[in-house]
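User: I should like to learn how to read the features of a protein model, one at a time. Please give the general idea first and then the case at hand.

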Amino acid sequence: MFQKKGIDISKWQGDVDFSKVKADGVEFAILRAGYGKLADQKDPKFEQNYASAKAVGMPIGAYHYTYAISMIEAEQEANVLLNWLKGKQFEYPIYFDIEDTSIVYLGKDVLTDIVCTFCEKLEQAGYFVGVYANKNWLMNHLDYNRIKKYTIWLAHYTTATDYPNPHDMWQFSSTQKVDGISGKVDMNYCYKDFPAIIKAGGYNGFSAGTSAPSQPAGTQYSVGDVVTISSYYASSTETDSNKAVIPSDWKTGTITRIVEGARNPYLLNNGNLGWCNDGDIRGREDITGSSAPQSVTYTVQSGDTLSGIAAKYGTSYQHLASINGISNPDKIYVGQKIKIK
């Protein structure tokens, strides 16, 4: 199984000696960029940590701690973070850290709307995004079915987590000691080859490599094909078939990248599903032309949110607000007709 060990840090770790950190076996670092919606809430060590980690070749990601209480504030936080990230490159995802007890009162639907709003904004700007939360939040305060499209970073301080849902990173301790850091530090295991996925896809400030043809030599499928698979792998280079992930039910995914000559050349759903080869694919969905799509509308029910409705139909709340003339996406009412397309 693919596994890397890494830390996450902020101003609370002080001045970090990344040379010593790397020599002590740490393989990546997730840096706090900041918190909140104001420009002056950037972590005072973010720039220093970024430069120091890059100087020793340490792969890095970033996270933003939220206090947002609405979709509008979530978008404001995203805009502030985008300014802090500008001109930088990150080999690991950009995470939305949602855990503050002061916003629990908002309830699961609103909290999930906030997560999706922030993550959609970052994705639109070309970032590979994820959600950081502890087990309690993931189980009780967020709708997993709506956030599972993002990579999940689980915080659960134990020797063996019993969190039941898929997650690509696990923060298992907040009390580890590492050379180059005075005091305690969070420690994590990562189970996905994010640097390969992010660089290949051209996310997080990277430019995608020289574009390969849509169907490189030796492959039967093309970028954009929707395929059904019976097994998949954690990396494009895995050659041991015993390490294949074999789900109880076949999975369907979209080929978003092809690495010519790789053992498992097809990247599915930008890495959210994994990598596969021709032998893993059991079928391809035929996409045929049709007449103009029918108009679709939705009647707002009690408890609905615009972001939740958007998620049901695979679109964004910004799109629904635009085509329905909704000036405040936080305000919709029961019985309102929402045009979907």
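User: Is Tyr35 buried, partly exposed or exposed, and what is its relative accessibility?

Analyst: Buried means under 20% relative accessible area, exposed means over 50%, and partly exposed lies in between, with a 1.4 Å probe and protein chains only. Because its relative accessibility is 29%, Tyr35 counts as partly exposed. This is a predicted model, in which local features need pLDDT of at least 70 and side-chain atom pairs count only at pLDDT 80 or more, while totals for chains, interfaces and linings use all residues. Residues are numbered from 1 along each chain as its sequence is written, and side-chain values use heavy atoms, with hydrogens and water left out.

User: Where does Tyr35 lie, and with which residues is it in contact, leaving aside its neighbours within four places in sequence?

Analyst: Helices (H or I, at least four residues) and strands (E, at least two) are DSSP runs, numbered from the N terminus. Tyr35 belongs to strand β2, residues 28–35. Contact means heavy atoms within 4.5 Å. Leaving aside neighbours within four places in sequence, Tyr35 is in contact with Gln41, His64, Tyr65, Tyr67 and Trp84.

User: How far apart in space are Asp97 and Tyr35?

Analyst: Separation along the chain and separation in space are two separate readings. Asp97 and Tyr35 are 62 residues apart in sequence, and their C-alpha atoms are 9.0 Å apart. For Tyr35 and Ser235, the values are 200 residues in sequence and 33 Å from C-alpha to C-alpha. Asp97 is placed in strand β4 and is buried, with a relative accessible area of 4%. Not counting neighbours within four places in sequence, Asp97 is in contact with Tyr63, His64, Tyr65, Thr66 and Tyr132.

User: Is Thr237 buried or exposed?

Analyst: Thr237 is exposed, at a relative accessible area of 59%. Thr237 sits in the loop between β9 and β10, and it touches Arg263 and Asn264 when residues up to four places away in sequence are not counted.

User: Which residues of the largest nonpolar core touch the most other members?

Analyst: A nonpolar core is a set of buried Ala, Val, Leu, Ile, Met, Phe, Trp, Tyr and Cys residues joined through side-chain atoms within 4.5 Å. The largest one here has 56 residues, and those touching the most other members are Ile7, Leu85, Ile98, Leu122, Val131, Leu142 and Ile147. Apart from this core lies another, of 18 residues, among them Tyr63, Trp153, Cys190 and Tyr203. Leaving aside neighbours within four places in sequence, Leu122 has contacts with Ala78, Leu81, Leu82, Leu85, Ile94, Tyr127 and Val129.

User: At what angle do helix α3 and helix α4 pack?

Analyst: Two packed helices are described by the angle between their axes and the distance between the axes. The axes are lines fitted to C-alpha atoms, for helices over the stretch in contact, and angles run from 0 to 180 degrees between N-to-C directions. Helix α3 (residues 71–85) and helix α4 (residues 108–124) pack at about 35°, with their axes 8 Å apart. The residues making the contact include Ala78, Leu82 and Leu85 of α3 and Ile114, Phe118 and Leu122 of α4.

User: Which residue in the loop between α7 and β9 has a positive phi although it is not a glycine?

Analyst: Most residues other than glycine have a negative phi. Asn204 has a positive phi of about 55° although it is not a glycine, and it is found in the loop between α7 and β9 (226–229). Asn204 is buried, with a relative accessible area of 0%. Gly202, which follows α7, also has a positive phi, near 75°.

User: How many disulfides does the structure hold, and why is there no bond between Cys116 and Cys119?

Analyst: A disulfide is a covalent bond between the sulfur atoms of two cysteines. The criterion is a pair of cysteine sulfur atoms within 2.5 Å. The structure holds 0 disulfides. The closest cysteine sulfur to that of Cys116 is in Cys119, and because the distance is 6.9 Å, the two are too far apart for a bond. Cys116 is buried, with a relative accessible area of 1%, and Cys276 is buried as well, at 0%.
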